[in-house]
Amino acid sequence: MGSFGQKFDSFWEIFIKYKGYTKVLEGLKNTAIIAITGLIIGLLIGTLIATVRVIPKYKVLPRILNGFCSFYVWIFRGTPMVVQLLLFYYVLLPIMEVNMTGVKVACIVFGLNSGAYISEIMRSGIQSVDHGQMEGGRSVGLSFATTMIQIVIPQAIKNILPTLGNEFISLIKETSVVSFVGATDLYVAFNKIGTNNYEFMVPYLVMALIYLVIVIIISLLIKLMERSLKKSDRRN
């Protein structure tokens with residue numbers, strides 16, 4: 001089996017001498033692209049769905065839209081991310097005769113999946129905003145949509161910022177499944193380093209350490225943003 005020192009030396013040789021770090025950097029880049037793009041798409045979809053779901057259901061159209069949004073959330077929250085990736089990549093794309101890289105597919109699927117979860121987060125955030133904010137906007141002549149975009153949603157995002165940070169961390173960690181559609185992420189990069197000499201202990205330990213560092217950095221950034229927003233609230 002060899003000592004840990006020998007295992008580390010073997011890993012370091014592959015990582016530096018044989019440029020294994022290039023694969024790690026590629027995996028890190030793809031992980032960041034997929035998670036950030038997924039969060040942005042998810043935030044847009046989630047906000048739209050949350051808005052639809054809080055609209056008064058006096059008319060037929062809001063009821064139909066609400067039903068569609070409920071079905072969407074049910075589908076994406078009821079199936080695992082990896083199943084969604086496989087269905088999109090190996091079923092839907094061939095049917096539509098569309099060629100797309102694994103990274104692009106992952107960005108879309110992660111965004112659609114995140115949208116379902118963020119919609120519930122955003123809905124609770126919107127409901128946490130004082131109802132008088134909506135009434136105040138409408139009373140000065142703003143439309144429902146304008147009041148939501150300019151007054152209610154910005155306040156809702158401030159309320160749910162920590163939860164959005166947790167969603168982003170979840171997306172970062174879930175990128176480990178994108179290898180199923182041929183995309184290179186951190187798991188694929190370190191797995192390839194391990195297969196060079198069939199020693200996986202050190203590569204996997206380093207991979208876990210990188211994920212931990214990423215999560216710590218994101219958590220610190222979220223805390224800094226929270227403090228900044230609290231300071232601005234006190235000034236106001």
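Which residues does Leu85 touch, not counting residues up to four places away in sequence? Keep that in mind while you look through these close-ups of a predicted model.

**Figure 1. Leu85 and the largest nonpolar core.** Here's the reply to the opening question: leaving out residues up to four places away in sequence, Leu85 touches Val105, Ala106, Val109, Phe110, Val177, Val178 and Val181. Leu85 sits in the largest nonpolar core, which has 33 residues, and together with Phe110 it has the most contacts inside that core. Several helices chip in: α1 (4-17), α2, α4 (81-96), α5 (102-128), α7 (144-174), α8 and α9 (201-235) each supply at least two residues of this core. Apart from it lies another core, this one of 13 residues, including Met122, Ile153, Ile160 and Leu164. As background, nonpolar side chains in soluble globular proteins tend to be buried together.

**Figure 2. Val103 in helix α5.** Zoom in on helix α5 and you can pick out Val103. Is Val103 buried or exposed? Its relative accessibility is 18%, and the cut-off for buried is under 20%, so Val103 counts as buried. Not counting residues up to four places away in sequence, Val103 touches Asn30, Ile33, Ile34 and Ala183. For a sense of scale, try Thr47: it is 56 residues from Val103 along the chain, and the C-alpha atoms of the two are separated by 24 Å.

**Figure 3. Thr51 in helix α2.** Now hop over to helix α2, which covers residues 20-54 and includes Thr51. Thr51 has a relative accessible area of 16%, so it is buried. Which residues is Thr51 in contact with, once its neighbours within four places in sequence are left aside? They are Ile126, Phe144, Met148 and Ile153. You've already met Ile153, as it is among the residues of the 13-residue core.

**Figure 4. A nonpolar patch on the surface.** Not every nonpolar side chain is tucked away, so to speak: a nonpolar surface patch of about 880 Å² is made by Val83, Leu86, Leu87, Tyr90, Val91, Leu92, Ile95, Met96, Val98 and Phe180. Take Ile95, which lies in helix α4. Why does Ile95 count as exposed? Exposed means over 50% relative accessible area, and Ile95 has 61% relative accessibility, so it counts as exposed.

**Figure 5. Helix α8 and what follows it.** Helix α8 runs over residues 186-197, and in it Leu186, Val188, Ala189, Phe190, Ile193 and Gly194 are buried. Look just after α8 for Tyr198, which takes a positive phi of about 60°.

**Figure 6. A cluster of aromatic rings.** There are 5 aromatic pairs in the count for this model. One of them is Phe200 with Tyr204, a tilted pair at 5.5 Å centre to centre, with 35° between the planes. Those two numbers are the usual kind of description: a pair of aromatic rings is described by the distance of the centres and the angle of the planes. Phe200 is partly exposed at 27% relative accessibility, and Tyr204 is partly exposed at 30%. Ring pairs also bring in Tyr187, linking it with Phe200 and Tyr204 into a cluster.

**Figure 7. Lys23 and Glu26, a salt bridge within one helix.** Side chains of opposite charge can pair when their charged atoms come close. How many salt bridges does the count come to? It comes to 3, and one of them joins Lys23 to Glu26, with the closest N and O atoms 3.5 Å apart. Both residues lie in helix α2, 3 residues apart, or about one turn of the helix. Lys23 is partly exposed, with a relative accessible area of 29%, and Glu26 is partly exposed at 32%.

**Figure 8. Arg53, Glu120 and Arg123, a salt-bridge network.** Arg53 forms a salt bridge with Glu120, and their closest N and O atoms are 2.8 Å apart. This pair links distant parts of the chain, with Arg53 in helix α2 and Glu120 in helix α5, 67 residues apart. Glu120 also meets Arg123 in a salt bridge (2.9 Å, N to O). Arg123 and Glu120 are 3 residues apart in helix α5, so about one helical turn separates them. Put the bridges with shared partners together and Arg53, Glu120 and Arg123 join into one network. Arg53 is partly exposed at 22% relative accessibility, and Arg123 is partly exposed at 24%.

Methods: Residues are numbered from 1 along each chain as its sequence is written. This is a predicted model: local features need pLDDT of at least 70, side-chain atom pairs count only at pLDDT 80 or more; totals for chains, interfaces and linings use all residues. Side-chain values use heavy atoms; hydrogens and water are left out. Helices (H or I, at least four residues) and strands (E, at least two) are DSSP runs, numbered from the N terminus. Buried means under 20% relative accessible area, exposed over 50%, partly exposed in between (1.4 Å probe, protein chains only). Contact means heavy atoms within 4.5 Å. A nonpolar core is a set of buried Ala, Val, Leu, Ile, Met, Phe, Trp, Tyr and Cys residues joined through side-chain atoms within 4.5 Å. Patches are made of residues with over 30% relative accessible area and no salt bridge: like charges are joined within 9 Å, nonpolar side chains (Val, Leu, Ile, Met, Phe, Trp, Tyr) within 5 Å. Accessible areas come from the Shrake-Rupley method with a 1.4 Å probe; for residues, only the protein chains shown count as cover. A salt bridge is a side-chain nitrogen of Lys or Arg within 4 Å of a carboxyl oxygen of Asp or Glu. Rings of Phe, Tyr and Trp (its six-membered ring) pair if their centres lie within 6.5 Å; planes under 30 degrees apart count as stacked, over 60 as edge-to-face and the rest as tilted.
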